[in-house]
Amino acid sequence: MRPFKGVRGARGAAPSRSADGIVDRAIAGGYVAPASRTPEAQAPSRTLIFIPTYNEGSNVYRMCGDVLKLGLDADLVFMDDASPDGTGELLDELARTRPRVKVIHRPSRLGIGSAHLDGIRYAYRQGYARLVTLDCDFT
């Protein structure tokens with residue numbers, strides 16, 4: 001069975017590369033913050049929790065901690081839109097010490113809608129069976 005069976009992109013097409021290629025580059029070796037190389041980090045879980053960010057530096061530590069302490073069998077991916085407040089760097093720090101956390105950096109503020117589309121494409125291409133999206137401001 002294909003992951004996200006029935007999920008379709010615009011005009012009924014299966015999700016494909018993003019307009020700017022961000023997710024494709026991330027998957028093909030673009031800039032994804034390094035995660036720990038433990039066996040746990042090597043085998044993806046079947047659930048992805050996806051959180052887009054822009055200027056969420058004051059929230060990322062708490063959000064990451066709150067989600068991880070739930071003990072879910074899920075990977076956590078943050079997608080940052082080049083936040084000027086340093087959110088991306090804080091996320092890189094979190095990803096270096098937490099094997100289930102990854103960060104995808106986008107080159108500019110591209111918007112939450114395209115971030116969600118890129119997150120769906122990422123989950124689909126990485127073979128996740130379930131996708132959960134959250135806002136980093138706890139709304």
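Buried means under 20% relative accessible area, exposed over 50%, and partly exposed in between. That cut-off is used throughout these legends, which describe a predicted model.

**Figure 1. Serine 83 is a buried loop residue**. With a relative accessibility of 9%, serine 83 falls under the 20% limit, so it counts as buried. Its place is the loop between strand S2 (75-80) and H4. Which residues does serine 83 touch, leaving aside its neighbours within four places in sequence? They are Thr53, Tyr54 and Asn55. The side chain of serine 83 also reaches the backbone nitrogen of asparagine 55, at 2.7 Å.

**Figure 2. Asparagine 55 and alanine 82 each have a positive phi**. Most residues other than glycine have a negative phi. Asparagine 55 is not a glycine, yet its phi is positive, about 55°. Asparagine 55 sits in the loop between S1 and H3. Its relative accessibility is 35%, so asparagine 55 counts as partly exposed. Alanine 82 has a positive phi too, near 55°. The loop between S2 and H4 holds alanine 82. That loop also holds serine 83. At 38% relative accessibility, alanine 82 is partly exposed.

**Figure 3. The whole chain combines helices and strands**. How many helices and strands does the chain have? There are five helices and four strands. Read from the N terminus, their order is α-α-β-α-β-α-β-α-β. The chain has 139 residues, and 44% of them count as buried. Now take the contacts in the chain with a separation of 6 or more. Residues 24 or more positions apart account for 83% of these.

**Figure 4. Helix H3 has its buried residues on one side**. Val60, Met63, Cys64 and Val67 are buried in H3. Why do they lie on the same side of H3? They cover an arc of only 95° around the axis, and that puts them there. An α-helix has 3.6 residues a turn, so residues three or four places apart point the same way. What covers the buried residues of H3? The cover includes strand S1 (47-53), S2, H4 and strand S3 (101-105).

**Figure 5. Helix H4 lines one face with buried residues**. In H4, the buried residues are Thr87, Gly88, Leu91, Asp92, Leu94 and Ala95. Seen down the axis of H4, they fall within an arc of 165°, so they line one face of the helix. These buried residues pack against S1, H3, S2 and S3. Which exposed residues does the face turned away from the buried side carry? Glu89 and Thr97 are found there.

**Figure 6. Helices H3 and H4 pack against each other**. H3 spans residues 60-68 and H4 spans residues 87-97. The angle between them is about 35°, and their axes are 10 Å apart. Is their crossing left-handed or right-handed? The crossing of H3 and H4 is right-handed. H3 brings Val60, Tyr61 and Cys64 to the contact. H4 brings Thr87, Leu90, Leu91, Glu93 and Leu94. Of the residues in this contact, six are nonpolar, one is polar and one is charged.

**Figure 7. Valine 60 is a buried residue of helix H3**. Its relative accessible area is 0%, so valine 60 is buried. Leaving aside neighbours within four places in sequence, valine 60 is in contact with Thr53, Thr87, Leu90, Leu91, Leu94 and Cys136. How far apart are valine 60 and cysteine 136 in sequence and in space? They are 76 residues apart in sequence and 6.7 Å apart in space, C-alpha to C-alpha.

**Figure 8. Two strand residues each pair up in space with a partner elsewhere in the sequence**. Leucine 131 is in strand S4 (residues 130-133). At 23% relative accessibility, leucine 131 counts as partly exposed. Leucine 131 and threonine 47 are 84 residues apart in sequence, but 5.8 Å apart in space, C-alpha to C-alpha. Valine 101 belongs to strand S3. Valine 101 is buried, with a relative accessible area of 0%. In sequence, valine 101 and phenylalanine 78 are 23 residues apart. In space, valine 101 and phenylalanine 78 are 7.8 Å apart, C-alpha to C-alpha.

Conventions:
Residues numbered from 1 in each chain as written. Predicted model: local features only at pLDDT ≥ 70, side-chain atom pairs only at ≥ 80, totals over all residues. Heavy atoms only, no water. Axes fitted to C-alpha atoms, helices over the stretch in contact; angles between N-to-C directions. Helix = DSSP H or I, 4+ residues; strand = E, 2+ residues; numbered from the N terminus. Left-handed = near helix turned anticlockwise from the far one by under 90°. Contact = heavy atoms within 4.5 Å. Nonpolar A, V, L, I, M, F, W, Y, C, P; charged D, E, K, R; others polar. Buried < 20%, exposed > 50% of the residue type's maximum accessible area, 1.4 Å probe, protein only. Polar contact = N/O pair within 3.5 Å; in protein donor to acceptor, adjacent residues only side chain to side chain. Arc of directions from axis to C-beta.
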